Amino acid sequence: MRRVLAVAVAAGLVLAGAACDGGTATPESPPTDQTAEPAPGDHRLTLTHDGKERTYLLHAPPTYDRAKPSPLVVALHYYPGKGSSMREMIGLDAIADRENVLVAYPDGLSGGFNALTCCGTADDVGYLTALTEQLVKNWGADPDRVYLTGISNGGDMSFRAAVEAAGVFAAIGVVSGGYIGPSAEQDDYVPKQPVSVITFIGGQDRYFDAFRSGVQTWQRRLGCKPAPAATTGAPGVTRTDARCTDGSDVTVYTLPEMGHSWPGATAGQLADADAGVKATDLIWEFFSAHPRRS
């Protein structure tokens with residue numbers, strides 16, 4: 001069963017793109033280790049930020065070498081959820097093993113992140129910044145190749161971090177999430193440094209209009225010039241690319257038959273294996289082509 005969270009804001013009632021964790025089986029998490037030495041494998045780590053102990057899963061590929069800087073992808077779950085649920089659903093570890101990428105799966109407090117319309121009051125922008133700094137310092141993540149991806153509440157959080165932690169993330173990959181809410185209504189709420197965006201919007205998602213309008217607003221504010229929409233080979237699915245005045249790129253996939261889901265995922269409650277494209281593969285392809293721009 002899915003449900004959504006209604007959040008009251010000054011302008012009225014804004015619905016957060018949220019879904020319940022329906023109890024999907026998740027991989028067994030390794031025990032928490034606060035002093036793990038950098039090494040290949042799966043690690044459950046902690047980071048104290050703003051007086052709170054935060055936990056996250058870290059996957060280091062078999063070829064991981066602390067002396068050789070690795071790209072880092074931080075993947076954010078839906079609400080309510082946890083990092084292990086995100087890990088199971090998106091299948092990013094396989095790409096990480098092939099491409100020598102570190103992947104972090106943070107746990108939101110009380111199952112969520114303090115994004116643009118939901119959930120909680122934690123300083124999650126500060127937390128994601130501190131987590132990235134820790135992985136750059138201690139695990140050799142390449143600061144020019146740090147990326148953020150998320151779905152639903154985690155997708156909204158990706159947009160928030162792109163704006164408020166500009167310079168930390170080179171690009172974001174947003175699935176069934178949006179540039180929405182009171183902060184996004186402010187004309188100056190844009191990154192001060194280039195952040196490229198790839199996003200996937202389902203035509204059957206109840207938030208379709210808000211997500212589409214949000215990305216159009218993002219492009220307008222950053223002076224992006226979209227090319228004509230192109231077909232992708234999947235029935236009805238289109239892709240639109242835009243180059244922005246700050247040198248960043250925006251790619252939008254529109255999937256008319258998809259709801260509030262992760263396209264191409266085969267496990268997890270928000271999986272849509274028949275969406276026509278595989279978001280995980282396309283997000284990594286986009287990330288790998290977009291190191292940080294100064």
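The buried residues of helix α5 are covered by several parts of the chain, including α4 (153-164), β9 (196-202), β10 (225-226), β12 (238-243) and β13 (249-255). This picture comes from a predicted model. Helix α5 itself runs through residues 208-221 and has 14 residues. From its first C-alpha to its last it reaches 20 Å, close to the 20 Å expected at 1.5 Å a residue. The residues of α5 that are buried are Phe208, Phe211, Gly214, Val215, Thr217, Trp218, Gln219 and Arg221. After the helix comes Gly223, whose phi is positive, near 65 degrees.

A step back shows the setting of this helix. The chain has six helices and 15 strands. It is made of 294 residues, and 57% of them count as buried. Among the contacts in the chain with a separation of 6 or more, 68% are accounted for by residues 24 or more positions apart.

Helix α2 is a good place to see how a helix can have two sides. Its residues are 92-99, and the buried ones are Leu92, Asp93, Ile95 and Ala96. Because these four cover an arc of only 160 degrees around the axis, they sit on the same side of α2. A general rule helps here: an α-helix has 3.6 residues a turn, so residues three or four places apart point the same way. The face of α2 turned away from the buried side carries the exposed residues Ala94 and Arg98. What do the buried residues of α2 pack against? Their partners are the strands β4 (52-60), β5 (70-76) and β6 (102-106), together with the helices α1 and α6. Just after α2, Asn100 takes a positive phi of about 60 degrees.

Helix α6 appears again in the empty spaces of the model. The structure holds three cavities of 30 Å³ or more, and the largest has a volume of about 50 Å³. Which residues line the largest cavity? They are Val73, Ile90, Leu92, Thr149, Trp262, Thr280, Ile283, Trp284 and Phe287. Helix α6, residues 279-288, gives the most to this lining, with four residues. By class, the lining of the largest cavity has seven nonpolar residues and two polar ones, with no charged residue. Leu92, one of the lining residues of this cavity, is also one of the buried residues of α2.

The second largest pocket has a volume of about 180 Å³. It is lined by 14 residues, and the closest to its centre are Ile90, Gly91, Gly264, Ala265 and Thr280. The elements that give two or more residues to this lining are α1 (83-90), β14 (262-263) and α6. Here the classes are seven nonpolar, four polar and three charged residues. Ile90 and Thr280 are named both in the lining of the largest cavity and among the residues closest to the centre of the second largest pocket.

Helix α3 (residues 124-139) is the place of Val136. Is Val136 buried, partly exposed or exposed? Its relative accessible area is 25%, so Val136 is partly exposed. Leaving aside neighbours within four places in sequence, Val136 is in contact with Arg66, Ala141 and Pro143. Val136 and Pro71 are 65 residues apart in sequence, and their C-alpha atoms are 9.7 Å apart in space.

The backbone has some special spots as well. Most residues other than glycine have a negative phi, and most peptide bonds are trans. Asp50, in the loop between β3 (41-49) and β4, has a positive phi near 55 degrees. Ser176, in the loop between β8 (171-175) and β9, has a positive phi near 50 degrees. Their surroundings can be set side by side: Asp50 counts as exposed, at 53% relative accessibility, whereas Ser176 counts as buried, at 0%. Cis peptide bonds are found too. One runs from Tyr79 to Pro80, with omega near -15 degrees, and Pro80 lies in the loop between β5 and α1. Another joins Cys118 and Cys119, with omega about 15 degrees, and Cys119 is found in the loop between β6 and α3.

How values were computed:
Residues numbered from 1 in each chain as written. Predicted model: local features only at pLDDT ≥ 70, side-chain atom pairs only at ≥ 80, totals over all residues. Heavy atoms only, no water. 1 Å grid on protein atoms, 1.4 Å probe; cavity = no way out; pocket = protein on both sides within 12 Å on 5 of 7 lines; lining within 4 Å. Points joined across faces, edges and corners; volume = space filled by probe spheres on them. Nonpolar A, V, L, I, M, F, W, Y, C, P; charged D, E, K, R; others polar. Buried < 20%, exposed > 50% of the residue type's maximum accessible area, 1.4 Å probe, protein only. Arc of directions from axis to C-beta. Contact = heavy atoms within 4.5 Å. Expected span 1.5 Å × (residues − 1).
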